[in-house]
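Work through the exercises below with the sequence and the model open. Try each task before reading its solution.

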Amino acid sequence: TFAQLVQAQKMEAVGRLASGVAHDFGNVLAVAGGYVRSGLHSGNEARMRESLQGVDTAVNRANLLTRRLLSLVRVEEGVEEWFDPGEALKALMPMIRQLMGPGVKVDVTVADDLPPLFFDRMQFDLLVLNVAANADHAMPDGGGFSLRARRDNDRLVLDLADTGVGMEGDVLVHAFEPFFTTKPRGQGSGLGLSVVRDLVQRAGGSVNAESQLGRGTTISLRFADALAELAEVETEER
Ligand code: ADP
């Protein structure tokens, strides 16, 4: 859980760094533009060559900046292991409660027939905490947060629902995009949901969001059927 806090702080830092990199990128473009203009207006070949060299340097610098940005956003490789998701969720309960404002009622239902999960344990916790944190932000005056873990055709499904402010259609459309946020500057990185979707999809699952303005939001995480995938790999190996 210390690791989770570190990860959460890292994501905030990424957001701040991203705006810094975007700013640097603008500066590099301005420099390149200046060289292009002076090159265009000089009749002298040596001057023109000098200008092109300047553009080249600026382009290299821009490349470096984009690479730095990409390496920040890329989520580190997970270490998958088998575990009981019901147990993992129960262990997370105190953290979820801590995360929620005092006026939020928390309700957790864990079915007793959940399939085992093959996933990075820390990333699993991170997914749930990310969605829970959003739910809390959506309920500044309190409300209800419910987490339901169920089995659907050998797949684990988590439904995380809040009775918060909900999302307008055009927010819902963009909510999973990296760096999309409606939160005030410095409060949202816009990375929470994009990381959630990225992690679940990369493990063969899918994420769905339903939202009604003024009513609330439900985020559903559908995990891959890890046992079936394991069987498939074994058949292929034979
Ligand atoms: P961040 O939380 O940093 O803004 P996210 O990617 O987690 O980044 O969320 C993006 C946006 O989606 C939020 O700024 C908010 O507008 C919207 N959103 C996410 N979860 C909820 C929710 N439970 N209720 C209402 N809006 C939400």
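Four exercises follow, each with a worked solution.

Two conventions apply throughout. Residues are numbered from 1 along each chain as its sequence is written. The model is predicted: local features need pLDDT of at least 70, side-chain atom pairs count only at pLDDT 80 or more, and totals for chains, interfaces and linings use all residues.

**Exercise 1. Layout**

Task: State how many helices and strands the chain has, and give their order.

Solution. Take helices as DSSP runs of H or I with at least four residues, and strands as runs of E with at least two, numbered from the N terminus. The chain then has seven helices and seven strands. From the N terminus, the order is α-α-β-α-β-β-α-β-β-α-α-β-β-α.

**Exercise 2. Helix α4**

Task: Find the span of α4 and decide whether α4 is mostly covered or mostly open.

Solution. Start with the length: α4 has 17 residues. The expected span is 1.5 Å times one less than the number of residues, which gives 24 Å here. The model's first-to-last C-alpha distance is 25 Å, close to that value. Next, check burial. A residue is buried if 20 or more other C-beta atoms, placed from the backbone, lie within 10 Å of its own; it is exposed at 12 or fewer, and partly exposed in between. In α4, 12 of the 17 residues are buried, so by this definition the helix is mostly covered. Among them are Leu127, Val131 and Asn134.

**Exercise 3. The core**

Task: Identify which element gives the most residues to the largest nonpolar core.

Solution. A nonpolar core joins buried Ala, Val, Leu, Ile, Met, Phe, Trp, Tyr and Cys residues through C-beta atoms within 7 Å. The largest has 36 residues, and those with the most contacts inside it include Leu127, Ala132 and Leu160. Elements supplying at least two residues each include α3, α4, β5 and β7. α4 gives the most, with eight. Leu160 also stands opposite Ile219 in β7. Strands β5 and β7 run antiparallel, joined by six bridges; two strands pair if DSSP finds at least two bridges between them.

**Exercise 4. The ligand shell**

Task: Describe which residues and elements surround the ligand.

Solution. Count a residue as near if its C-beta atom, placed from the backbone, lies within 6 Å. There are 22 such residues, and Asn134, Ala138, Thr181, Gly188 and Gly192 come nearest. α4 and α6 each supply at least two. The largest share, three residues, comes from α6.
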